[in-house]
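Here's a quick briefing to read alongside the coordinates. Have the viewer open and follow along.

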Amino acid sequence: MSISQYALFCLTVLISLLISLERMGTALDDADIGSFCVWTCVAGTIAGLPTLL
């Protein structure tokens, strides 16, 4: 994996994590526990992706 591919992957992971954290906040504001749990699982999965490298 070249440096540019690695940087693009890291940027994609970071943006995805920030989006999922924003969705978690929205779910908390709406008191939607089901959606909050789903977005928590998504954020946890995204946060674990860099350990695969």
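How many residues does H1 have, and how far does H1 reach from its first C-alpha to its last? H1 has 27 residues and spans 39 Å between those end atoms, close to the 39 Å expected at 1.5 Å a residue. Bear in mind that this is a predicted model. The rest is grouped by topic below.

**Overall layout**

- The chain's secondary structure is simple to list: 2 helices and 0 strands.
- Its radius of gyration is 13 Å, well over the 10 Å that the globule rule gives for 53 residues, so the chain is more spread out than a compact globule.
- Taken along the principal axes, the box filled by the C-alpha atoms is roughly 45 × 15 × 10 Å.
- Just 11% of the 53 residues count as buried.
- On the surface side, the chain has about 3900 Å² of accessible area, and carbon and sulfur atoms account for 72% of that.

**H1 and what covers it**

- H1 runs over residues 3-29, and H2 takes in 33-48.
- The buried residues of H1 are Val13, Ser20, Met24 and Ala27.
- H2 is part of what covers those buried residues.
- As a general point about α-helices, there are 3.6 residues a turn, so positions three or four places apart point the same way.

**Ser20 and Trp39, where the helices meet**

- Ser20 sits in H1 and counts as buried because its relative accessible area is 0%, against a cut-off of under 20%.
- Setting aside neighbours within four places in sequence, Ser20 is in contact with Trp39, Val42, Ala43 and Ile46.
- Trp39 belongs to H2, and at 25% relative accessible area it is partly exposed.
- Looking back from Trp39, and not counting residues up to four places away in sequence, the residues it touches are Ser20, Arg23 and Met24.
- Met24 is thus on two lists: it is one of the buried residues of H1, and it is among the residues that Trp39 touches.
- Trp39 and Arg23 are 16 residues apart in sequence, while their C-alpha atoms are 6.7 Å apart in space.

**The salt bridge**

- Searching the whole structure turns up 1 salt bridge.
- Arg23 pairs with Glu22 in a salt bridge, and the closest N and O atoms are 3.8 Å apart.
- That distance counts because the cut-off is 4 Å between a side-chain nitrogen of Lys or Arg and a carboxyl oxygen of Asp or Glu.
- Both partners are partly exposed: Arg23 has 42% relative accessibility, and Glu22 has 46%.

**The nonpolar surface patch**

- Which residues form a nonpolar patch on the surface? They are Leu11, Leu14, Ile15, Leu18, Ile19 and Leu21, and together they have about 540 Å² of accessible area.
- Leu21, one of the patch members, lies in H1.
- At 42% relative accessibility, Leu21 counts as partly exposed, and it qualifies for the patch because patch residues need over 30%.

**The loop and the end of H1**

- Is Asp29 buried or exposed? Asp29, in H1, counts as exposed because its relative accessibility is 68%, where the cut-off is over 50%.
- Asp29 and Leu52 are 23 residues apart in sequence, and their C-alpha atoms are 33 Å apart in space.
- Ala31 follows H1 and has its place in the loop between H1 and H2.
- The phi of Ala31 is near 55°, which is a positive value in a residue other than glycine.
- Ala31 also counts as exposed, with a relative accessibility of 62%.

Technical notes:
Residues are numbered from 1 along each chain as its sequence is written. This is a predicted model: local features need pLDDT of at least 70, side-chain atom pairs count only at pLDDT 80 or more; totals for chains, interfaces and linings use all residues. Side-chain values use heavy atoms; hydrogens and water are left out. Patches are made of residues with over 30% relative accessible area and no salt bridge: like charges are joined within 9 Å, nonpolar side chains (Val, Leu, Ile, Met, Phe, Trp, Tyr) within 5 Å. Accessible areas come from the Shrake-Rupley method with a 1.4 Å probe; for residues, only the protein chains shown count as cover. Helices (H or I, at least four residues) and strands (E, at least two) are DSSP runs, numbered from the N terminus. Buried means under 20% relative accessible area, exposed over 50%, partly exposed in between (1.4 Å probe, protein chains only). The radius of gyration is taken over C-alpha atoms; the globule rule is 2.2 Å times the number of residues to the power 0.38. The expected span of a helix is 1.5 Å times one less than its number of residues. Contact means heavy atoms within 4.5 Å.
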